[in-house]
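Biologist: Please give me a close look at the pocket region of this model and the loops and helices that lead to it. Then place the enclosed spaces and any unusual backbone elsewhere.

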Amino acid sequence: MVSKSSRSVAGQAVLLQAVLVILLVVGAVIALVLQSERDMAAEAKHRSVAVAQTFAHSPGIQQALAGPDPSEVLQPLTEAGRKTAGVDFIVVMDKRGVRYTHPIPSRIGKQFVGRIGPSLAGRVYTESVYGPLGHEMQATVPVRDHVGKVIALVSAGLKVKSVTGEVNRQLPIILGAGAGALLMSTGGTALMGRRLRRQTHSLAPDEMRRMYEHHDAVLHSVREGVIILDDDRRLLLANDEARRLLDLPSDVEGRNVSELSGLDPAMVELLASGCDADDELHFAGGRLLAVNQRPTDRGEGPKGTVATLRDSTELQMVSGRATVARERLELLYDAGIGIGTSLDVARTADELAEVAVPRFADFVTVDLSDAVLQGEEPTPTATDMRRVVVRGIRDDHPLYEQGRLINFLPSTPQARGYGAGRSELVRDLSAAHGWHAQDPHRTRQILDYGIHSLIAAPIKARGVILGMANFYRSKQGPFDEEELSLAEELVARSAVSIDNARRYTREHALAVTLQRSLLPRALPEQNALDVGYRYLPAQSGVSGDWFDVIPLPGSRVALAVGDVVGHGLHAAATMGRLRTAVHNFSTLDLPPDELLSHLDDLVGRIDQNETCPESAEIVGATCLYAIYDSVTRRCAMARAGHLAPALVHPDGSAIFPEVPAGPPLGLGGMPFQTAELELPEGSQLVLYTDGLIEDRTRDLDVGLELLRRSLSGHPGRLPEESCQAVLDELLPERPKDDVALLIARTRALPPENIADWDVPQDPAAVSGMRLAVSGKLDEWGLAELGFGMELVLSELITNAVRYGSDPIHVRLIRDRVLICEVADGSSTSPHLRYAATTDEGGRGLFLVSQVTERWGTRYTPQGKVIWAEMTLPDLSALGEH
């Protein structure tokens with residue numbers, strides 16, 4: 001209020017009067033103080049002169065001055081006179097100014113402080129000095145003898161603080177009087193200012209000036225009608241614009257709003273109600289007015305309402321066009337962000353229809369060349385068009401169903417638009433005879449359904465027509481030329497995404513085809529393991545995941561799973577090279593750690609030789625390699641940067657066995673370690689790639705735990721069933737990475753299918769072994785293989801006795817083939833050679849290679865094993881296995 005009052009007219013008047021009163025009172029107080037000080041100083045001067053003259057003319061002073069000791073006589077007299085007269089001192093001195101008396105006795109005989117010259121000359125002299133008593137006001141008069149001669153001087157006076165003390169004692173009275181005058185004057189001024197503030201609403205002068213300017217502007221210049229009504233709904237004010245919009249007469253002020261003619265009854269009702277209104281539209285004199293109304297008593301003002309009127313006739317038409325334009329821009333914007341979110345052709349086409357229905361069309365169909373769906377280039381004519389999308393406001397429409405192959409006739413808008421590469425607008429389908437010829441029965445159903453207008457827009461990218469987008473209307477009005485442009489823009493934004501999806505489909509199909517061609521097409525036949533597998537390429541692109549099952553001599557099987565770092569064709573090709581290398585190294589019958597060491601060297605060389613700029617650099621790869629022996633039920637495995645396998649025991653419990661982790665392939669410098677496990681028959685060994693368990697939404701440990709749970713508790717489940725159960729449990733609908741999964745359930749070769757003998761290092765032992773082997777073959781029902789096997793054993797045992805060392809051991813295994821193994825403690829490997837006609841030896845291994853299906857050598861920690869395989873005459877010889 002103080003701040004407001006100081007700015008208002010009333011506040012400024014009150015403030016001015018208060019300042020003037022204060023200044024007058026302060027001035028009066030100062031004048032009174034100064035007058036009091038001046039009067040007190042004059043009184044002190046007169047008193048000092050009177051006391052000094054009285055004492056100078058007192059009887060007996062001349063006799064005392066003439067006596068021997070004037071001070072003794074005069075000191076008591078001056079002290080008594082000082083106290084009686086009310087002065088601070090009376091000093092009697094000789095003509096030289098030496099004191100005879102003084103209120104301070106120690107000052108007697110000292111020089112007087114002040115001028116004595118004027119008094120020696122016979123005058124009365126007053127002055128202000130700093131004497132022994134402090135700041136003093138004193139008067140000095142001469143003492144004359146009977147002839148008028150000056151014989152001494154008398155000085156009397158008061159201290160200045162005595163004078164000011166009197167003034168201070170009078171000051172409260174003066175200030176009290178001034179305060180009373182101030183209160184009385186300011187009180188009257190405040191009462192006057194309060195009334196003035198009420199009358200001017202506390203407005204400042206510039207605000208009052210602006211108020212009147214605004215008032216004139218509202219009345220005459222504002223292009224918006226303003227009317228003010230009182231509480232009785234009488235018109236208090238109407239500006240020029242309101243008079244024009246409502247056709248009001250000149251004498252309208254003071255009339256009730258119900259008496260105004262020419263107004264819409266709804267507007268009269270609104271104005272008479274006094275209710276709040278926001279842009280309510282009412283007609284008046286052929287105009288469409290937007291009316292806003294508010295009460296006027298919200299700020300403690302007089303009751304009533306104020307209404308504003310705005311002519312929105314032209315604005316309504318402009319805003320309608322602006323709304324349409326805004327809706328179309330929003331449609332194109334939504335199309336830009338909603339179409340092309342995936343690299344799937346059908347999904348992209350469906351996104352186009354989803355954006356257009358129902359905002360632009362009631363029904364949308366998208367027909368693409370059948371070759372486009374396969375990633376190929378489209379056909380030049382509108383034949384073999386596959387309907388990939390049908391979307392509408394209802395599902396009971398008679399349009400061709402999704403998935404149908406359509407051959408559009410040349411007379412149809414679709415065929416014309418496809419051939420010419422431009423959009424076709426059909427405002428009235430009932431008159432489109434060329435469209436009717438496509439399918440008269442169905443087109444009649446479409447018309448009866450209520451579909452009446454069509455835009456057929458070609459989906460064109462890079463100058464190639466991929467298909468047609470068809471927009472139909474049934475509930476909305478017919479399409480026009482502007483909407484034809486909108487449809488073309490909408491389809492153009494979709495065409496690029498559809499073409500990108502088509503090209504991606506082609507490249508993805510090529511990459512998947514290449515990758516699948518590099519993976520096993522079928523598992524090899526073997527009796528050591530019952531194997532199930534799954535390979536799923538990623539939706540976003542192929543990777544380098546792979547697996548393999550490789551039969552090895554001696555009823556053994558190698559399992560391999562790997563992952564090449566990177567994506568695309570290059571990763572798939574590199575995966576094929578690694579898988580081929582694993583096959584080649586496995587023919588050498590290397591243990592897992594040595595095989596991974598060779599692979600590590602190979603990957604390192606691949607990285608160094610990848611110098612082509614357009615090819616992605618292969619940083620490395622991971623691999624797990626395991627060898628299972630169905631005779632001993634032992635499994636040796638090693639891993640290079642790969643995840644540890646899972647092991648499911650016959651009772652259904654699942655664990656992750658400890659397998660030493662080696663570095664990924666291609667890094668080099670670190671050896672690999674082999675772990676050996678003895679697996680009970682019926683155990684399941686689970687090998688997989690990281691795409692199975694790794695996910696952005698969960699930790700690796702969580703994925704491993706999910707894998708363990710999916711494998712546990714199903715002891716009798718087949719590997720194929722386990723593969724599907726694991727994928728259903730762990731993988732999303734669209735995996736981000738390739739997945740390779742291999743589950744192998746172990747089998748054990750029956751002991752009756754194995755025979756082994758220790759052989760002394762003596763050539764004579766060969767004949768005994770021939771008889772023992774022949775007897776075992778007779779027992780197995782393989783007597784017809786006896787001659788060949790005896791020949792093979794004779795040559796292998798003879799070589800071991802002649803060139804090898806103890807211990808020599810022979811093992812005969814009946815599996816899918818008949819396997820003969822001769823082991824000795826030497827690491828020297830025999831070599832096949834062709835003997836000359838004159839050579840006496842060198843034909844043994846040649847005979848072995850001719851008689852057997854295949855043969856070879858593998859090394860063990862104790863020496864080597866030379867093995868040979870012969871095909872069984874009948875598979876039924878395997879018996880129940």
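Modeller: Helices and strands here are DSSP runs, of at least four residues for a helix (H or I) and at least two for a strand (E), numbered from the N terminus. The model is predicted.

I start with the largest pocket, which holds about 1000 Å³ of space. It is lined by 34 residues, and those closest to its centre are Arg-858, Tyr-859, Thr-860, Pro-861 and Gln-862. The elements that give two or more residues to the lining are one helix, H18 (592-609), and the strands E19 (621-629), E20 (634-640), E27 (754-759), E28 (808-814), E29 (817-824), E30 (854-860) and E31 (863-871). By class, the lining has 14 nonpolar, 7 polar and 13 charged residues. Domain 4 (526-746) and domain 5 (753-871) both contribute to this lining, so the pocket lies between them.

Strand E28, one of the lining elements, leads to an unusual peptide bond. The loop between H22 and E28 contains Pro-807. Asp-806 and Pro-807 are joined by a cis peptide bond, with omega about -5 degrees. Most peptide bonds are trans.

On the other side of that loop is H22, which packs with H21. Two packed helices are described by the angle between their axes and the distance between the axes. For H21 (residues 765-780) and H22 (residues 786-803), the axes come within 9 Å and cross at roughly 145 degrees. This crossing is right-handed. On the H21 side, the residues in contact are Val-766, Met-769, Arg-770, Val-773, Ser-774 and Leu-777. They meet Gly-786, Met-789, Glu-790, Leu-793, Ser-794, Ile-797 and Thr-798 of H22. The contact is made up of 7 nonpolar, 4 polar and 2 charged residues.

Next come the enclosed spaces. There are 3 cavities of 30 Å³ or more. The largest cavity has about 130 Å³ of space. Its lining consists of Arg-387, Leu-399, Tyr-400, Phe-408, Gln-414, Trp-435, Gln-438, Asp-439, Arg-442, Thr-443, Ile-446 and Tyr-472. Helix H15 (residues 440-449) gives the most to this lining, with 3 residues. The lining of the largest cavity divides into 6 nonpolar, 3 polar and 3 charged residues.

The second largest cavity has a volume of about 50 Å³. Around it are Phe-89, Val-91, Arg-99, His-102, Phe-112, Val-113, Pro-132, Glu-136 and Gln-138. At least two of these lining residues come from strand E1 (89-93), and at least two from strand E3 (134-144). Of the residues lining the second largest cavity, 5 are nonpolar, 2 polar and 2 charged.

Two further points of backbone geometry remain. Pro-358 sits in the loop between helix H11 (345-356) and strand E10 (363-369). The peptide bond from Val-357 to Pro-358 is cis, with omega near 0 degrees. The other point is Asp-384, in the loop between helix H12 (370-373) and strand E11 (385-392). Most residues other than glycine have a negative phi. Asp-384, in contrast, has a positive phi, near 55 degrees.

Note on methods. Residues numbered from 1 in each chain as written. Predicted model: local features only at pLDDT ≥ 70, side-chain atom pairs only at ≥ 80, totals over all residues. Heavy atoms only, no water. Axes fitted to C-alpha atoms, helices over the stretch in contact; angles between N-to-C directions. Left-handed = near helix turned anticlockwise from the far one by under 90°. Contact = heavy atoms within 4.5 Å. Nonpolar A, V, L, I, M, F, W, Y, C, P; charged D, E, K, R; others polar. 1 Å grid on protein atoms, 1.4 Å probe; cavity = no way out; pocket = protein on both sides within 12 Å on 5 of 7 lines; lining within 4 Å. Points joined across faces, edges and corners; volume = space filled by probe spheres on them. Domains from an automatic or database assignment.
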